[in-house]
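Welcome to a short set of worked exercises. Please open the sequence and the model side by side, and try each task before reading its solution.

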Amino acid sequence: MPEPIGTILAKHSREPDELIPILQDVQKEYGYISAESVKGISRYLRISENTIYGVSSFYAQFRFTEPGRHSVKVCLGTACHVRGGATLLEMLERGLGIHCGETTEDKRFGLERVACLGCCALSPVVEIDKEIYSRMTVNRLTEQLKEYE
């Protein structure tokens, strides 16, 4: 088992109720829960990989794909949806060649949809690396993405 996962596991007892804290620590360290990490956790806690996936997939906080260097979140709350958020998301999926929850092959961008970013009066809104871009259009978003290596 790789050193970082071994270090993480060593901080926890082998009790099954340690699963969520272990998953949180792995996600904090790597940014996602890899298949290799699931195998290591399974062996350590002596629970099946299916159980780990069942528990971890229940919670929105856990992801199973490596995040991109840049996180792109498209708001699809009511105001953003009505003002073109879905169109922005479709453009991103086509342009980046990925779907929500995926990362581009070059690991440049990870794409997510969110229910609300709390900027309804500024809709549609896109968040890139925690920076909010308001009243976004397809053309402006295309240009904005060029700013990120």
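**Exercise 1. The largest pocket**

By class, how many nonpolar, polar and charged residues does the lining of the largest pocket have?

Before we start, note that this is a predicted model, in which local features need pLDDT of at least 70 and side-chain atom pairs count only at pLDDT 80 or more, while totals for chains, interfaces and linings use all residues. Residues are numbered from 1 along each chain as its sequence is written, and side-chain values use heavy atoms, with hydrogens and water left out.

Step 1. Find the space: on a 1 Å grid over the protein atoms alone, a pocket is an open set of points where a 1.4 Å probe fits, with protein on both sides within 12 Å along at least five of seven lines, and lining residues have an atom within 4 Å of a point.

Step 2. List the lining: Gln27, Gly31, Ser57, Tyr59, Ala60, Gln61, Phe62, Arg63, Phe64, Thr65, Gly101 and Glu112.

Step 3. Sort them, with Ala, Val, Leu, Ile, Met, Phe, Trp, Tyr, Cys and Pro as nonpolar, Asp, Glu, Lys and Arg as charged, and the others, Gly among them, as polar. The lining has four nonpolar, six polar and two charged residues.

Step 4. Add the volume, the space filled by probe spheres set on grid points that are joined across faces, edges and corners: the largest pocket holds about 260 Å³.

**Exercise 2. Two packed helices**

Describe how H3 and H4 pack.

Step 1. Take the elements from DSSP runs, numbered from the N terminus: helices are H or I with at least four residues, strands are E with at least two. The chain has seven helices and four strands.

Step 2. Fit the axes as lines to C-alpha atoms, for helices over the stretch in contact, with angles from 0 to 180 degrees between N-to-C directions. H3 (residues 35–45) and H4 (residues 49–58) then make an angle of about 115 degrees, and their axes lie 9 Å apart.

Step 3. Name the residues in contact (heavy atoms within 4.5 Å): H3 brings Ala35, Val38, Lys39, Ile41 and Ser42, and H4 brings Glu49, Ile52 and Tyr53. By class, five of these are nonpolar, one is polar and two are charged.

**Exercise 3. The sheet**

Work out the strand order and what packs on the sheet.

Step 1. Pair the strands, asking for at least two DSSP bridges between them. S1 (residues 70–75) and S2 (residues 109–114) run parallel with six bridges, and Ser71 stands opposite Gly110. S1 also pairs with S3 (residues 126–128), antiparallel over three bridges; here Val74 faces Val126 and Val72 faces Ile128.

Step 2. Assemble the order: the open sheet of four strands reads S2-S1-S3-S4, with mixed pairing. S2 and S4 (131–133) are the edge strands, each pairing on one side only. Neighbouring strands are turned by 20 degrees against each other on average, direction ignored.

Step 3. Add the helices. H6 (residues 85–96) touches S1, S2 and S3, and its direction makes about 145 degrees with that of S1. H7 (residues 138–145) touches S1, S2, S3 and S4, at about 0 degrees to the direction of S3.

**Exercise 4. Backbone details in the loops**

Which residues does the cis peptide bond join, and what is omega?

Step 1. Look between S2 and S3, where Pro124 is found. The cis bond joins Ser123 and Pro124, with omega about -5 degrees.

Step 2. Move on to Lys130, in the loop between S3 and S4. Its phi is near 70 degrees, a positive value in a residue other than glycine.
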